[in-house]
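Visitor: Please take me through a single part of this model in close detail. I would like its strands, its partners and its surroundings, one step at a time.

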Amino acid sequence: MERIILRDGRVAEFRELRNDREDRALLKELFGHVSADSLYYRFFQVVHEVSDAFIDSLLRNSDENNRSLLCMAGDRAMGIGTYNRMDDERAEVAFLVDDRMQGKGIGTLLLEHLAEIAWRRGFKRFDADVLTGNHRMIEVFKSSGFELESVQRSEVIHMTLPLAQTERNRALQDTREKLATAASLIPFFRPRTVAVVGASRDPKGVGHVVLRHILDGGFCGTVYPVNRSAQSVAAVQSYKSVSDIPEPVDLAVIVVPAEETPRVVDDCVQAAVRAVVITSVGFAERDREGAFSQQEITHRLRGGGCRLIGPNCMGLANAATDMRLNASFARQLPLTGNIAIASQSGALGIAILEYAGRVGLGVSSFASMGNKADVSGNDLLQYWEDDPDTGMILLYLESFGNPRKFSRIARRITRRKPIVAMKSARSALGATVSEARMTALPASDHVVGELFRRTGIIRVDTLHELFDVTALLAVGSMPKGRRIAIVTNTAGGAVMTVDALLKESLQLARPPIDLGFAASADDYRKVVSDLLRDPGVDAVMVIFMPIESCAEKAVSRAIVQALREAEVFARETEEDTASGKLVDTADGPRNAKQPDAVAIKPVMANYLSTGDDFVSFIDAGERRVPVYPFPEQAMRALAKVAGYAEYCRSPRGHVPDLSNIDCDRSRASVRESLALGSGWMSVEAAAEVLDAVGIRVDTGPWPTAAKTPLRAAVAVECDPLFGMVVGVSGYQGDRPGTEELFAVAESEAVGITPLTDRDCNDMVSRVLGADLDTLPSSVRGDLAELLQRLSRLAEEVYEITRVILPDIEVSELGCLIHNFAIAAGVR
């Protein structure tokens with residue numbers, strides 16, 4: 001079964017129709033419940049009762065050419081979608097949805113899923129006939145995003161939908177999913193009523209602790225303890241079951257042993273609870289029996305339209321002032337702020353929350369995902385994407401459920417909100433330790449790193465680094481470049497900082513300004529103020545070795561004053577911009593209209609004698625200055641943030657339209673080869689596949705390049721977790737001997753299809769590097785276009801499992817492909 005989320009945020013499941021007695025009964029019940037109008041629109045005539053013969057035909061016709069999908073809510077069918085083969089390229093599609101569930105997006109979701117199944121099986125388009133009065137079904141087709149063609153004949157509209165994915169229909173599908181997912185998570189983060197099931201009178205009991213945390217946190221709604229034997233818990237009236245609670249329950253937090261959880265879940269479904277958090281352990285993280293129990297309770301909750309966080313989690317929290325919900329094991333709510341946190345490890349998640357409070361970082365909301373039986377990191381990202389309380393997202397991940405979806409979501413978010421991610425289980429041994437609670441296959445760390453880079457995610461390796469980077473992002477301004485100015489009263493501190501910034505690929509804007517041990521706080525103020533006005537400086541690092549106990553506070557006040565002076569200068573400059581008036585900068589007069597005349601820049605500090613383990617802040621009103629324990633930490637954090645700023649300034653990528661490309665021809669060649677068996681295709685067939693998408697292979701002598709060509713190797717593979725990935729490397733020397741010598745795991749740059757033009761250009765730049773300067777500018781474009789064509793081939797010819805181009809000459813003559821191989825089969 002596949003989970004789906006309806007337009008109103010409730011969940012349901014899709015599964016294929018089975019030819020058995022159970023599904024016969026489900027169809028009879030579905031057809032019996034729908035209205036006469038719905039039957040008329042489905043069958044184009046008045047139907048009092050759907051015949052057994054038609055039901056039998058649906059049950060029997062489930063093969064490569066015909067498919068039926070049921071939309072299920074528990075044990076009830078809410079709708080059915082079918083397609084039936086018309087010829088080799090076309091299939092007819094039709095739907096029927098229970099009248100009680102119409103308008104919730106079921107028809108649209110059935111169309112999307114059937115289209116993908118049909119396309120993978122070689123069909124190119126759907127045909128459908130719709131009566132003119134069937135307005136809801138007409139809207140389903142029109143809003144689908146497919147390039148619809150329609151012709152009306154009398155009272156019937158004939159519609160044709162090409163099944164190939166385009167950026168438009170993919171974007172519409174993503175938007176629909178985002179809105180539905182966000183709606184489904186509202187009961188978790190903004191419930192009006194919360195039930196704590198398993199709240200005991202024992203103050204040390206975990207249920208009592210969670211209840212007390214909700215009460216002490218100042219929750220703005222109503223909380224109900226559920227205890228089968230107590231009349232009250234923590235002076236709050238208790239109820240024996242969720243069903244006994246006198247008002248609808250939005251969120252139920254289940255804190256009972258694993259063996260009691262199924263009973264409580266059934267009670268929640270009966271009470272129509274919208275969201276459930278299960279903190280209990282003993283499920284998929286423990287053994288097969290636990291995994292089966294987890295699957296069963298998830299299925300029951302979905303049947304009731306209810307979403308689940310957990311099991312094996314430590315709860316959630318919302319620190320917004322109008323909610324104040326602490327349904328977690330965290331001892332107290334953190335400061336209110338704009339940072340959202342999701343953690344796959346409950347204990348680390350709670351630690352991150354507590355550290356955030358310790359260093360003064362404000363939080364909007366927090367979720368411990370646990371086993372991710374239902375709600376995943378992707379779901380949380382889609383909720384936070386448009387959440388007005390969230391401006392930054394922190395992730396602790398051990399595994400991915402759907403990294404391709406993660407990639408699409410992250411690309412949308414990171415342009416507006418930074419995402420900082422710590423991905424553990426990077427080594428084989430670490431993955432083994434984490435495997436017990438993984439709900440997905442372990443991921444290649446090489447591919448994960450490339451995924452983060454291309455989606456603008458800031459990857460960190462430690463919790464220290466997580467807070468170092470977050471503290472700098474929380475300042476509210478990002479560097480416009482990598483030029484760093486250093487002001488210090490100790491030469492040793494400056495030397496350490498210069499070494500660190502060069503190691504992190506930052507640049508020294510000017511020689512460090514050493515004020516000496518006799519420097520006063522006012523000396524710092526003057527120099528920092530000047531540096532903030534200097535158009536050649538992108539960020540300022542202040543190093544101070546306190547001589548007297550009160551000197552540190554004085555320098556902090558001086559930094560704050562310098563920031564305020566810079567802000568005043570920036571406002572005055574904005575006022576002068578329209579007139580083009582000259583403004584004074586550190587380098588002399590400058591036209592205010594000229595770019596970078598002044599900007600509010602990040603300022604960091606290091607007080608060498610503080611002895612603090614974590615970053616702290618100097619409060620400067622709306623802005624703050626992070627103070628790092630060591631200069632190296634500050635430079636590492638700044639390099640991460642500077643890289644993110646560069647990503648945000650770069651053009652948005654798009655999947656380009658390519659000329660001279662015929663994926664239908666490529667697919668026909670692949671399917672013809674598959675008819676003879678899966679595996680490596682013949683050289684002739686592989687050449688035909690590549691030629692159809694505009695990739696020329698070496699079939700004869702080419703002109704000799706004027707300069708010694710560079711060499712590259714490309715691999716396209718089906719990763720069991722990431723789907724189709726493209727890897728490219730540059731090399732020198734002799735050609736590899738066979739196609740087996742190159743794989744994505746060996747690549748210098750990796751991308752997940754579909755590749756954007758920005759992805760391809762970035763991959764080429766990383767592979768060829770400085771060698772690009774020795775070749776005409778067209779060379780980069782030629783290799784980037786080759787990657788784009790291979791990406792398109794991998795996306796649209798589903799039967800391809802591997803493409804290897806182990807020896808490519810790259811010169812002013814283009815890309816000359818010497819060896820090539822293509823494998824076909826089942827992904």
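Guide: What follows is a close look at an open sheet, then at a strand elsewhere in the chain and at a pocket. Keep in mind that the model is predicted.

Start with the sheet. Five strands make it up, and the sheet is open. Their order is β10-β9-β13-β14-β15. The pairing is parallel. The edges are β10 (222-226) and β15 (307-309). Each of these two has a single partner strand, so one side of each lacks a neighbour in the sheet. From one strand to the next, the twist averages 20°.

Now take the pair at the β10 edge. Strand β9 spans residues 193-197 and pairs with β10 in the parallel sense. Five bridges hold the register between β9 and β10. One bridge sets valine 196 against proline 225 of β10. A helix covers this region too: α7, residues 206-216, packs on the sheet. Helix α7 touches β9, β10 and β13 (251-254). The direction of α7 makes about 160° with that of β9.

Next, strand β37, residues 814-824. Ten of its eleven residues are buried, so to count here each has under 20% relative accessible area. Strand β37 pairs with β36 (residues 800-811). The two run antiparallel, joined by nine bridges. A hairpin of two residues leads from β36 to β37. Isoleucine 800 stands opposite alanine 824 of β37. Strand β37 also pairs with β32 (residues 679-680). That pairing is antiparallel as well, over two bridges. In it, tryptophan 680 has alanine 823 of β37 as its bridge partner.

Last, the second largest pocket. The space in it is about 820 Å³. Its lining holds 42 residues. Closest to the centre are Phe95, Leu96, Val97, Asn134 and Met137. Several elements each give at least two residues to the lining. The helices are α2 (36-43), α3 (52-60), α4 (106-120) and α5 (135-142). The strands are β4 (76-85), β5 (90-97) and β6 (125-131). By class, the lining residues divide into 17 nonpolar, 16 polar and nine charged.

To recap the sheet: β10 and β15 stand at its edges, and α7 packs on it. As for β37, its bridge partners lie in β36 and in β32.

Notes:
Residues are numbered from 1 along each chain as its sequence is written. This is a predicted model: local features need pLDDT of at least 70, side-chain atom pairs count only at pLDDT 80 or more; totals for chains, interfaces and linings use all residues. Side-chain values use heavy atoms; hydrogens and water are left out. Buried means under 20% relative accessible area, exposed over 50%, partly exposed in between (1.4 Å probe, protein chains only). Helices (H or I, at least four residues) and strands (E, at least two) are DSSP runs, numbered from the N terminus. Two strands pair if DSSP finds at least two bridges between them. Axes are lines fitted to C-alpha atoms, for helices over the stretch in contact, and angles run from 0 to 180 degrees between N-to-C directions. Contact means heavy atoms within 4.5 Å. On a 1 Å grid over the protein atoms alone, a cavity is a set of points where a 1.4 Å probe fits but cannot get out, and a pocket is an open set with protein on both sides within 12 Å along at least five of seven lines; lining residues have an atom within 4 Å of a point. Grid points are joined across faces, edges and corners, and a volume is the space filled by probe spheres set on the points. Ala, Val, Leu, Ile, Met, Phe, Trp, Tyr, Cys and Pro count as nonpolar, Asp, Glu, Lys and Arg as charged, and the others, Gly among them, as polar.
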